[in-house]
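Let's take a walk through this one, starting with strands, moving on to rings and ending at the ligand. Keep the 3D view open as you read.

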Amino acid sequence: MTVETREFQTEIKEILNLMIHSLYSSREIFLRELISNSSDAIDKLKFEESTNAELKTGDAAKMIRLVPNKDNKTLQIIDNGVGMSRDEVVKYIGTIAYSGSKNFVQKIQEMKEQPELIGQFGVGFYSAFMVAEEVSLHTQRAGESMGTVWTSNGDGSYALEEAVREAGHGTTITLKLKDAPEGEENPQDFADQWTLKSIVKKYSDFIEYPIQMEMSSEEPELDDEGKPVEGKFKTVVKDETLNSQKALWVRAPKEVKDEEYKEFYKHVTSDWSDPADWLHFRAEGTQEFSSLLYTPSTVPFDYNQREMKYGPSLYVKRVFIMNNCEELVPQYLRFVKGVIDSDDLPLNVSRELIQKDKHIQMIRKAVVSKMLRHFATLMSKEREKYEGIWEKFGATLKEGVASDYTNKDKLTPLLLFKSTASDAWTSLKEYVGRMQEGQKEIFYMTGESIANLQTSPHLERLKEKNYEVLYLTDPVDEWMINSLTEFEEKKLVSVTKDDLELDNEEEKKKAEEDLKSAGEKLAPVTESIKAALESRIKDVKLSRRLVDSPVCLVSGAQDPSAHMERLMEAMGQAVPKSKRTLEINPEHPVFEKMLSFEDAQRKDWAEILYNQALINEGSPIEDPQKFSKQISALMMNT
Ligand code: ADP
């Protein structure tokens, strides 16, 4: 048998050199790379078997085996996959397809400068040299009767030799393990069965084929009756499958039971409650990926904290790459958990590269559109379930209306609101369906809570006219509503703005006349009020907005609402105070009464009325002590 020695390509020499001398962290990923290669090789064999009836490969179970040997300091990774012919070994192991390209030369340069980034580049098989001083690969192509042994210590050349592989087709990789690099605090022992088991669990748990290893354990010795003998143990060696193989996401959705989905959810999240909902699909076309995404039924404890990590786990062909891949979903879908498994990404994609990766961007786009469509279906077909999700994560989805311009039209129909109509949730479409004759706009009011809004004077006339008003009580609403100016050509209008129009032409005419005559009559009172509150309000206006209350404050169409101002103050932001208009209800008897007062008393009452308006809308009053004294005085006078 002849041994042939060949030189590595220059680029590979450089990679190996870095691998051997510069890389100290994440060395454990070599196992992920080798197992993934084995799994691919079994995939290929399966494919060939299904397309080539001539190929006789026997019916041994397809699997990957790890054989550690502590005494010899070796680790073998064995598969019964398709194997390689001699030509293939030369082609695949020892040359790099994209060598010579400018891009690659530049990558090598980058690797030299930042060896810790090495994992990002396509290094696959060569990563074995991070942990081994010598690597040998014995492989035999399915359908052939002679195998090839490839051996190298990574120093520039490799040897090739013919040898029949006893087990037939497949590949055995034997690593002669190095001692841990000097200075490494916790050198991992890659011949240790527990170390290997935990690395497999971490990176390769969902590999489709069993990854087996002999595990030894101490078990009590048994006496003749089968009872354990105290203090006596023996070493038992058993084959163990290290991976769960349960890559649910690559199975066809109709073959997966609900119970399995739920169990898997608990496996990938640390959430012990059942998920509210899941979406399982496979994308074909420009990006091929499998995706299993869950919506939790509970809000995580750290939700909305800035440091909260989010995003599904990323896999590449069933190999774990990373948790919380934030680039896969926009922030407004940050409650979504689960797995995305790409067919197109390289295994060694890293967090740094992912931010710019165009595959990732395309996957994210597809995921968003699929998810939003799914929510729309839920909303129409499983309303109760959708409302449950909305109650937990609706406020998060609302962020999308303001932040994701391209998907705004898909997000808007998903919005649900509480309103003056009933206790039920309503969509904008449903609201429009209930609009009164002559109603042209969609009315809303923002505030801290529904209870707070329900009693607002601003709603009095609208209630009388049977106009429905949406309650917007999430902090995000003020922000969202700036982007949501229209729905189905109907304007969304805040009931606290000064230009609110509630009347039809005829009513308007009559109202104008009424207001004009009331205005003339009450002029002395409004003048006093204006003078008393000059520094705090923009104007005093008679209006028909109110029914029972005497006064309310309204903002200009372009000004922030009172609620917005309170929110910004609560966040510690300086708020340029915009003066508002005090609207008065000419039909309220208080003004009639005030006509008979002296100017000084009118001013006193103006102050009280102004403070009432503030209290009613939930804003703080400026001088509570003074207000309280004024009220006491008033009580003494009646
Ligand atoms: P990659 O897996 O990214 O293509 P590698 O350097 O890991 O890069 O492997 C190069 C090629 O060698 C693989 O594409 C495959 O064709 C072949 N190969 C590696 N390991 C095996 C194996 N266990 N069985 C069969 N072929 C293998």
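Two strands pair if DSSP finds at least two bridges between them. By that yardstick E10 and E11 qualify, running antiparallel to each other over seven bridges. Bear in mind as you look that this is a predicted model.

If you want a spot to zoom in on along that pairing, try Arg 282, which stands opposite Ser 290 in E11. Now zoom out to the rest of the sheet. It is an open one with five strands in the order E10-E11-E14-E12-E13, and the pairing is mixed. At the edges you'll find strand E10 (277–283) and strand E13 (319–322), each pairing on one side only. Going from one strand to the next, the twist averages 20°.

Next, follow the chain into the loop between strand E11 (289–295) and strand E12 (313–316), where Tyr 303 lies. What does its ring pair with? Tyr 303 and Phe 393 form an edge-to-face aromatic pair, with 5.5 Å from centre to centre and 70° between the planes. The planes make it edge-to-face because they are over 60 degrees apart. Phe 393 belongs to helix H9 (residues 383–403), so this pair ties together parts that are 90 residues apart in sequence.

Are these two residues buried or exposed? Tyr 303 has a relative accessible area of 9%, and Phe 393 has 1%, so both count as buried, the cut-off being under 20%.

The pair has company, too. Ring pairs link Tyr 303 and Phe 393 with Phe 335, Phe 375, Tyr 386 and Trp 390 into a cluster. The count for the model comes to 22 aromatic pairs. Tyr 303 also has a charge to deal with: Arg 334 lies over the face of its ring, 5.3 Å from the ring centre. You can find another charge over a ring at Trp 425, where the charged end of Lys 418 sits 4.6 Å from the ring centre.

Last stop, the ligand. Which residues are around it? Among them are Asn 37, Ser 38, Ala 41, Lys 44, Asp 79, Tyr 92, Phe 125 and Thr 171. Some of these come with polar atoms worth checking. A polar side-chain atom of Asn 37 lies 2.8 Å from an oxygen atom of the ligand. Phe 125 uses its backbone instead, with a polar atom there 2.8 Å from a ligand oxygen. For a nitrogen atom of the ligand, look to Asp 79, which has a side-chain N or O atom 3.0 Å away.

Terms used
Residues numbered from 1 in each chain as written. Predicted model: local features only at pLDDT ≥ 70, side-chain atom pairs only at ≥ 80, totals over all residues. Heavy atoms only, no water. Phe/Tyr/Trp six-rings, centres within 6.5 Å; stacked < 30°, edge-to-face > 60°. Helix = DSSP H or I, 4+ residues; strand = E, 2+ residues; numbered from the N terminus. Buried < 20%, exposed > 50% of the residue type's maximum accessible area, 1.4 Å probe, protein only. Lys NZ or Arg CZ within 6 Å of the ring centre and 35° of its normal. Axes fitted to C-alpha atoms, helices over the stretch in contact; angles between N-to-C directions. Near = heavy atom within 4 Å. Polar contact = N/O pair within 3.5 Å; in protein donor to acceptor, adjacent residues only side chain to side chain.
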